[in-house]
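Colleague: I have the file open and a few questions ready. Shall we go through them one by one?

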Amino acid sequence: MRKINITVYKKNGLHVRMAAGLIVRLQELVKDQEILTSIHVEYKNRCVQVTNMLALVSLRIRQGEEFTLVFQQDVPASVLQEIKDYLETVEYEDNKEAETDRLLMENSVIFQEAIANLPNGMVVVNSENIIIYVNEAATKLFEMSQEELLSRRADEVIPHSKLKEVIDLGETQFAEKQKLKNYTILANRAPIFYNDKIIGAVSIIQDISDIEKLHFELKKERELQERLNLVLESVTDLIALTDDNGNFTYMNVQMEQLLSHLELRCFIQEMVSKAEWEEIKVKQQSLVKVMRFSNKESYILKIKPLLLDEEFRGVVVSLSPYNEIKELLKKLEVMEQRTKYLEQELSKHMKLDEAFQTIIGNSEILLDTLSMANKVSKTDATVLITGESGTGKELVARAIHLSGKRKEAPFIRVNCAAIPPNLIESELFGHEKGAFTGAYKDHQGKFELANNGTIFLDEIGDLPLDIQVKLLRVLQEREIERVGGTKTIRLNVRIIAATHRDLIQMIEEGKFREDLYYRLHVIPILLPPLRNRKDDIPLLVDHFRKQFNEKLEKNINEYESGFLEALGCYHWPGNIRELENIMERVMTLTDGTVLSLSDLPQYILNQQDPTIPLKISGDILLFEEYEKQIYEHAAKYYPSYNQLAKALGLTHKTVAAKLRKYGIEDELGKKYQQVGEFS
Ligand SMILES: Nc1ncnc2c1ncn2[C@@H]1O[C@H](COP(=O)(O)OP(=O)(O)OP(=O)(O)O)[C@@H](O)[C@H]1O
């Protein structure tokens with residue numbers, strides 16, 4: 001490498017003509033192109049190729065200043081001397097020459113400055129696609145320094161540069177959008193012609209990053225606007241926007257249609273009074289009211305103020321068809337009621353306490369009763385359980401006791417029907433020694449035994465009237481006196497009573513005290529007869545099959561086809577107790593593992609179709625004939641007028657009178673007797 005320092009003595013420094021002269025001389029002296037392009041000029045930390053005239057001139061080396069000429073490869077000393085002599089020649093031959101150089105230089109500087117200060121980037125290449133000029137805006141966009149770009153092939157340093165293409169084809173390229181690392185640019189490229197020859201190309205680059213961003217934001221805004229329009233057009237409500245004077249600036253199609261239909265223009269003024277509008281505007285308050293238009297249609301009008309930076313800018317008006325909303329509200333109300341009902345039903349059928357799990361059955365009617373009993377078990381209220389014989393009254397009474405807080409205390413059952421009337425008082429309330437003949441020692445009554453627990457007064461309807469009076473006192477005072485005793489014993493006993501009798505009828509007949517009835521009837525629980533919940537029969541049959549398998553040590557696990565159906569057809573006057581007895585009987589008699597139809601008692605098989613064979617074919621009979629048939633059929637299954645009346649949903653009086661009228665009193669309980677005999 002060789003370096004020579006040169007001082008410029010010419011008046012105009014290293015001016016345009018001198019730079020051109022230097023290049024021409026070097027081209028004459030150094031024929032090898034490679035050596036030629038390796039020669040550089042170093043000046044004030046800048047370094048440019050000597051053959052890049054534009055760059056050379058742009059160094060603006062002034063008179064008296066020094067620069068270095070760097071030769072990368074060896075050149076003859078004569079060449080160096082000749083160049084040094086040329087550059088250091090001091091005097092102009094004449095002033096005109098100096099003036100010409102000044103003009104040329106001035107012109108060049110003006111153009112350089114103009115281009116350097118362009119907001120757009122500019123890159124100039126020579127015919128070899130070597131970058132010979134790049135302005136500051138371009139270096140910013142490419143994020144490279146002038147040194148990194150100058151004298152390099154454009155297609156090597158500039159991403160996607162197409163200047164080579166422009167030079168080869170001689171065609172201009174307009175506004176091509178390109179993405180750089182951090183900028184988006186538009187590039188215009190054109191070939192540079194001189195004497196019909198392409199001597200290079202220029203690229204003007206415009207930074208459109210901000211415009212792009214703006215365009216993107218605008219696009220997003222437009223998209224949002226379109227979505228909003230779509231929403232506003234799709235809703236059933238009629239919607240409009242106004243400016244701060246109440247003039248419409250937007251309305252959806254639905255609103256447009258209504259307005260044109262009503263031939264309304266100054267809509268807001270038609271809908272709100274001046275005072276209302278002031279209220280909305282000044283106090284920035286919403287308004288809701290029902291509007292009735294001339295076409296008789298009613299709408300709910302809502303006006304909401306539109307505030308931008310807390311400044312009133314107009315209102316949003318919406319109209320909702322009133323009738324539709326009314327309809328919807330009605331539907332909602334119905335739905336709410338349904339939900340409430342379903343919730344109630346659900347809560348009824350929610351899992352019952354464990355004590356109630358022994359009561360088999362899934363029918364609605366039974367579950368209703370059990371859920372009531374379950375609730376009552378959590379209180380101390382007196383309970384009266386009614387229902388036909390064998391429906392499970394005692395079972396329910398025990399479950400109430402066992403799921404209540406008294407479960408650890410005694411549950412004392414008293415069968416009022418089974419105790420001789422002369423002993424009943426002493427049985428219930430106890431006696432003192434010597435109170436009557438045979439009272440050898442003090443005796444605790446059932447009430448005392450049940451203290452802190454529950455007393456279950458079964459068959460309460462069979463209690464003699466005098467005892468009813470005493471029981472009433474116990475219910476009121478919660479205290480007893482033993483027979484023959486003088487002291488009062490305070491008790492804490494829960495009372496559950498049960499009966500299969502019709503107590504109301506007994507009151508009418510003077511056999512049961514009304515005041516006692518109402519004392520007992522605080523919480524009535526009515527157990528349904530089995531015939532009213534036949535869906536439970538298969539469950540009950542299965543329950544008893546398992547129970548008796550254990551008791552009888554059998555392994556019966558199948559039913560002959562028709563077995564369950566036969567039981568389902570029977571009307572079960574003896575209810576579950578009867579079913580339990582029949583299951584015990586058939587299981588005792590069965591040898592194998594299958595319960596067969598033939599093992600069932602004849603009266604059950606005979607009753608498979610309990611439907612009444614009403615003679616309605618052929619001639620139509622008198623209504624009374626049909627009525628008689630119904631009474632004849634039903635009376636057989638019930639042992640009393642009372643039970644028959646209940647089954648038919650009539651009063652005791654009516655059924656008694658009808659049976660008398662048709663002369664069929666003897667039919668009463670005929671088939672019930674058969675059951676009775678069996679069980
Ligand atoms: N739902 C049921 N699930 C299982 N067994 C039941 C059910 N209901 C009743 N039973 C059984 O039926 C028989 C009769 O029930 P319970 O004695 O409770 O009836 P009751 O209504 O008190 O009869 P009565 O009025 O004759 O005293 C009992 O063996 C009982 O276990």
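Colleague: Which strand pairs with β22 over four bridges that include residues 454–458, and in what sense, parallel or antiparallel?

Modeller: Keep in mind that this is a predicted model. One opposite pair is Ile455 with Ile495 in β22. Four bridges link the two strands. The partner is β19, and the sense is parallel.

Colleague: Which residue of β22 is the bridge partner of Thr386?

Modeller: Start with strand β15, residues 383–386. Four bridges join β15 to β22, and the two run parallel. In β22, the partner of Thr386 is Thr499.

Colleague: How many of the six residues of β22 are buried?

Modeller: Take one face: Arg494, Ile496 and Ala498 are buried. On the other side, Ile495, Ala497 and Thr499 are buried too. Both faces are covered. The count for residues 494–499 is six of six.

Colleague: Why does the ligand lie between two domains, and which are they?

Modeller: Look at who supplies the shell. Of its 18 residues, Ile360, Gly392, Lys393, Glu394 and Ile576 come nearest. Elements giving two or more residues are α16 (393–402), α22 (537–552) and α24 (575–589). Two domains both contribute to the shell, so the ligand lies between them: domain 3 (354–526) and domain 4 (530–606).

Colleague: By class, how many residues of that shell are charged?

Modeller: Split the shell by class. Five residues are nonpolar and eight are polar. The charged ones number five.

Colleague: Which helix gives the most to the largest nonpolar core?

Modeller: That core has 42 residues, and Ala19, Leu56, Val123, Val125, Ile131 and Ala138 have the most contacts inside it. Five of its residues come from a single helix, residues 16–29. That helix is α1.

Colleague: From which domains does this core draw at least three residues each?

Modeller: One stretch is 2–112, the other 118–210. Ile131 touches Val123, Val125, Leu149, Leu150, Ser151, Arg152 and Ala154, leaving out residues up to four places away in sequence. The core draws on domain 1 and domain 2.

Colleague: How many residues are in the other core, the one with Phe356?

Modeller: This core lies apart from the one just discussed. Its members include Phe356, Ala450, Ile460 and Ile525. The total is 41 residues.

Colleague: Which residue follows α27, and is its phi positive or negative?

Modeller: Helix α27 spans residues 641–648, with Tyr641, Gln643, Leu644 and Ala645 buried. Their cover includes α26 (623–635) and α28 (652–662). After α27, phi is positive, near 70 degrees, at Gly649.

Conventions
Residues numbered from 1 in each chain as written. Predicted model: local features only at pLDDT ≥ 70, side-chain atom pairs only at ≥ 80, totals over all residues. Buried ≥ 20, exposed ≤ 12 C-beta atoms within 10 Å, placed from the backbone. Pairing = 2+ DSSP bridges. Near = placed C-beta within 6 Å. Nonpolar A, V, L, I, M, F, W, Y, C, P; charged D, E, K, R; others polar. Domains from an automatic or database assignment. Core = buried A, V, L, I, M, F, W, Y, C linked by C-beta atoms within 7 Å. Contact = placed C-beta atoms within 7 Å.
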